[in-house]
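Grab a viewer and work through these exercises with the structure open. Each one comes with a task and a step-by-step solution.

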Amino acid sequence: MNLLRKLNRKQKLALIAFLLGLIALFAGSPYDSNSVKINVKEIALSTIKDSDKIKPEILADWIIQGKSDFVLIDLRTPDEYEKYSLPEAENIPLVNLTDAELYKNQKLILLSSDNVQSAQGWFLLKSKGFKNVYILDGGIVGWKANVLFPKQKPNMSKEELALFEKKKAVTFYFGGKVLNDSGISESNSEFNLPVQSSKQNKTSSAVNQKKKKREGC
Amino acid sequence: MNAPFYKFNYFNSDISLVVAFLIGIGFGFALEKGGFGSARILAAQFYLSNMRVLKVMFSAIVTAMLGVYFLGVIGWLDLKLIYMTETYILPQALGGLILGVGFVIGGYCPGTSVVSFSTGSIDGLMYILGAFFGIFVFGEIYPLISNFYNSTNLGVITLPEVLHLPYGMVVFLVVIMALGAFLLAELSERKFAFRNPENEK
Amino acid sequence: MESVSKIVSDLFEKDQEFVEPKPKPYSDPYLVGIGLGLVLLAAFVIMGRGLGASGAMSSIVAYGVNSLAPEHASSNDFYKEYIGDGTTNPLKDWLVFEVLGVLAGGFISGTLSGRIRVRVEKGNNISKKKRLLFAFIGGSLMGFGAKLARGCTSGQALTGGALLNFGSWIFMIMIFVGGYLFAYFLRRQWL
């Protein structure tokens, strides 16, 4: 204690800097690590609410409007992704999700075949501290049922028909087809999926999708 | 609340300009208080008689570096979201060399010339006009040198990545290096005190 | 009579003192450095970017070239980067406002410490004219070098230094190399 008092201001500052540096030597990486620190209680309490799910019709609208404030992530395997995925979607298989170059200030929308994998990804990212994470409700199955191949029910009211006409326009935009109720049986469920063009653009990383703005000198 | 605030859209770009002005005031205030409005004190750095440039710069770097590091470790500040200029080795090395020469000839760097001008120095104003001219010349010959300007690009890369050392260890080494530099600076100021412009008044 | 002249001269002396108050000494460089570091840290935390100066000067130059010769400016990639797509004024830029703040901050600190004086900062063995010429030449070199290096002492050395940016550290070392190498040739100006 006496020794500390003898030090002048410069020496005290130097000592503080040295000690902080010494702590830094053992404090680990300032970046997010791959090991996820899970607060069990918090995760148990956090469940996917309806507000964390995005309906396929709404996402379809966003894509048509050209909204670009979100990143769409397809969590399925590359094979499945190659076969069909949503326009603009980027393929990051679930196992690679924690290594991916994602930014916490981005709005992330996860999709998979259905809700199961998306929910896993959602918990993973939430526990890594991502706050702005959503899932596509129903996944690809939901997308097909609601956007690509909507079924026309018989005996629709006038209002329902008007709504359905709008839906049809969206369906055609994404290259889908309207089915009538009696249409195609379950065994024949591999519809002709729309062919996608310019696939290579979609694998570009999330970084490139961000608007580049000069921030340096 | 996560940092950096702006990157999480906590406020819009118009407010960011107000923030810019306020941060600028802090910047200018600190530079002036530190004696950086005086070309003689700045230039004395290169004659080893007044080491304020080194002391202020390195204590600022150490402070901000420790701050960024520890805020990153506790997971509050996302380092990935802080803008970093990409590394272009040769143009940056040559640019630094030219800038160093310009520093000792003109007595300022761009930031300090603004501070100097704000306290009434005519040479600071001349320096700023010179800088405009230099930038203009650069702009005019840019098409000729753009190949060199864009050469030896390593992308965004940090010292820990280059040295293959943990980030925390590089932080520690920079602190040690800075403390060593401060010690040498104190010694050299004592030795060359007779030509320190600060002692004249 | 003598006492009157004494009073007058006393007055005169006091007057002189009033005209030229002794400027306060500069602050402890380490404390200033910590203050500057905290300002820089605030920029990181609030904005996610560092400080700068030469970028603002580039915006002003690009703006000038663009208003005098818009076609010339738009054919040049360097100017184009600062002019942008034409939807916003190039002077409505973060760094331009930051540098306006630097002007204000320097003036405030100078006023508080009694250091505002119209003057030419120079060594004892050089004429004012020559010093101003040297300032212009130094500024030109600095402007050119800063653009080549994509930043100046504030934008590269200070900001990048704190972020452990590899290129910034190379740049910083080269500034000192250039400065010390040429210091000998310019000793007449400063010593």
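Two strands pair if DSSP finds at least two bridges between them, and strands here are DSSP runs (E, at least two residues), while helices are runs of H or I with at least four residues, each kind numbered from the N terminus. The model is predicted: local features need pLDDT of at least 70 and side-chain atom pairs count only at pLDDT 80 or more, while totals for chains, interfaces and linings use all residues. Residues are numbered from 1 along each chain as its sequence is written, with chains lettered from A and ligands numbered from 1 in the order in which they are written.

**Exercise 1. Work out the strand order of the open sheet in chain A, then check its pairings.**

Step 1. Start with the layout: 5 strands of chain A form an open sheet in the order β1-β5-β4-β2-β3, and the pairing is parallel. At the edges sit β1 (53–54) and β3 (90–91) of chain A, each pairing on one side only.

Step 2. Take the β1(A) edge. β1(A) and β5(A) pair in the parallel sense over 2 bridges, and A:I54 has A:L136 as its bridge partner in β5(A).

Step 3. Move on to β4 (residues 107–111) of chain A, which pairs with β5(A) over 3 bridges, again in the parallel sense. Here A:L110 stands opposite A:I135 of β5(A). To get from β4(A) to β5(A), the chain passes through helix α6 (residues 116–127) of chain A, and this β-α-β crossover is right-handed (with the strands pointing away from the viewer, the path from the first strand over the helix to the second runs clockwise).

Step 4. Finish at the other edge: β2 (residues 70–74) of chain A pairs with β3(A) over 2 parallel bridges, with A:I73 opposite A:E90.

**Exercise 2. Which way do the residues of β5 (residues 133–136) of chain A point, and are they buried or exposed?**

Step 1. Recall the rule: in a regular strand the side chains alternate between the two faces of the sheet.

Step 2. Apply the cut-offs: a residue is buried if 20 or more other C-beta atoms lie within 10 Å of its own, exposed if 12 or fewer, and partly exposed in between, with C-beta atoms placed from the backbone.

Step 3. Read off the result. A:V133 and A:I135 point one way from β5(A), A:Y134 and A:L136 point the other way, and all are buried.

**Exercise 3. Describe chain B, then its contacts with chains C and A.**

Step 1. Get the overall picture. Chain B has 8 helices and 2 strands, running α-α-α-β-α-α-α-β-α-α from the N terminus. Its C-alpha trace spans about 50 × 45 × 35 Å along the principal axes, and 58% of its 201 residues count as buried.

Step 2. Look at chain C. Counting residues as in contact if their C-beta atoms, placed from the backbone, lie within 7 Å, the contact takes 112 residues from chain B and 108 residues from chain C. On the chain B side, α6(B) provides the largest share, 20 residues. That side divides into 72 nonpolar, 32 polar and 8 charged residues (Ala, Val, Leu, Ile, Met, Phe, Trp, Tyr, Cys and Pro count as nonpolar, Asp, Glu, Lys and Arg as charged, and the others, Gly among them, as polar).

Step 3. Turn to chain A. This contact takes 24 residues from chain B and 20 residues from chain A. α8(B) gives the most to the chain B side, with 8 residues, and by class that side has 16 nonpolar, 5 polar and 3 charged residues.

Definitions and conventions
Contact = placed C-beta atoms within 7 Å.
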